[in-house]
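Here are a few short exercises to work through with the coordinates loaded. Try each one yourself before reading the solution.

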Amino acid sequence: MVAAKGDYSVEDALRTKWDKDEAAVNTANGDIIEIIDIVHDKKLKTLTVLFHRASPQAADPDYRKKVGKKVSVRTADRQVGEEQSVSCHLVISTEKRSDGSYDVYLEEIPRISITLINQIIARALNEYKYDFTDNKGKTGETYTVLKSYGVKDETVTNALKGGNFGYITLVRPADASFVDGSEFEALSERMRIRIKSEIDRKEWFKKIGKLAQGARSKGWEDFQIDLNLEEGRKKTVKIERGEEGKEIVFVRSEQISVSKDMPVCSTKVRSDL
């Protein structure tokens, strides 16, 4: 993960890409995700990478002020070259686990996902070539492949102690016979289901599982349910095929406190976080 200067490491791969101002990816709507800062803390044994998401096409935000029945609106004054931006920290433990993997913690910020961040890291590692010698003594060139997975350690039943269900979203391939395939392409069909009454947290998987089975029998492939958690947090949990009527385990997020209020967008890694 980290090494002395001049030796190969993940940190050096990221810095090499960052120094070239190429540690970034573009999203479908034109936003930019990029590395802004990298800090290796030897004492804490962490490698922290700060990411920005910049939105060049975003409209200037308006702020409303209401005094009694009088309402005024002010548009934020954006200067030339400025972009609406948010930042998030990716904290990586530099201590290897017994299976060779590393613990990673991602600050949960809207519109910055591990999927997008993975693209940046994977690209940096893919282009970071190094030589190796196999068991037969032959030399060659290789690179590191990134694989990430969430550690599922929270159950839906436990999460519902202080939360509740939101909407259910179904997705299936679109059946649109009226679409001319030469000029138009039907991609997917979505349905949102609202839960009208409270569901007993001890019985949820029976009722939700029955609904999921019925949906799959009608061709719906993806079945996702929103959880409204404590402290205003939200989580979308996917019920995979064959998991209907069972307890579901998902990747947990936790609320943490820092010494000072953090800005929406930082330019340097926040040591207090």
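**Exercise 1.** Work out why Cys-265 has no disulfide partner in this predicted model.

*Solution.* Start from the sulfur of Cys-265: the closest cysteine sulfur belongs to Cys-88, 10 Å away. A disulfide needs the two sulfurs within 2.5 Å, so at 10 Å this pair is too far apart for a bond. Now go at it from the other end: for Cys-88, the closest cysteine sulfur is the one in Cys-265, again too far. The disulfide count comes to zero.

**Exercise 2.** Sort Cys-88, Cys-265 and Ser-87 into buried, partly exposed or exposed.

*Solution.* The cut-offs are under 20% for buried and over 50% for exposed. Cys-88 has a relative accessible area of 0%, so call it buried. Ser-87 sits at 4%, so that one is buried too. Cys-265 comes out at 27%, which makes it partly exposed.

**Exercise 3.** Find what surrounds Ser-87.

*Solution.* First place it: Ser-87 lies in strand β6, residues 84–93. Next, skip neighbours within four places in sequence; the contacts then include Leu-50, Phe-51, Ile-109, Cys-265 and Ser-266. Finally, look for polar atoms: one on the Ser-87 side chain is 2.9 Å from the backbone nitrogen of Ser-266.

**Exercise 4.** Which strands pair with β11, and in what sense?

*Solution.* Take β13 (residues 222–228): β11 (residues 164–173) pairs with this strand in the antiparallel sense, over six bridges. Thr-169 stands opposite Gln-224 there. Then take β12 (residues 188–193), which also pairs antiparallel with β11 over six bridges; here Pro-173 faces Ser-188.

How values were computed
Residues are numbered from 1 along each chain as its sequence is written. This is a predicted model: local features need pLDDT of at least 70, side-chain atom pairs count only at pLDDT 80 or more; totals for chains, interfaces and linings use all residues. Side-chain values use heavy atoms; hydrogens and water are left out. Helices (H or I, at least four residues) and strands (E, at least two) are DSSP runs, numbered from the N terminus. Buried means under 20% relative accessible area, exposed over 50%, partly exposed in between (1.4 Å probe, protein chains only). A polar contact is a pair of N or O atoms within 3.5 Å; within protein, one must be able to donate a hydrogen and the other to accept it, and residues adjacent in sequence count only if both atoms are side-chain atoms. Contact means heavy atoms within 4.5 Å. Two strands pair if DSSP finds at least two bridges between them.
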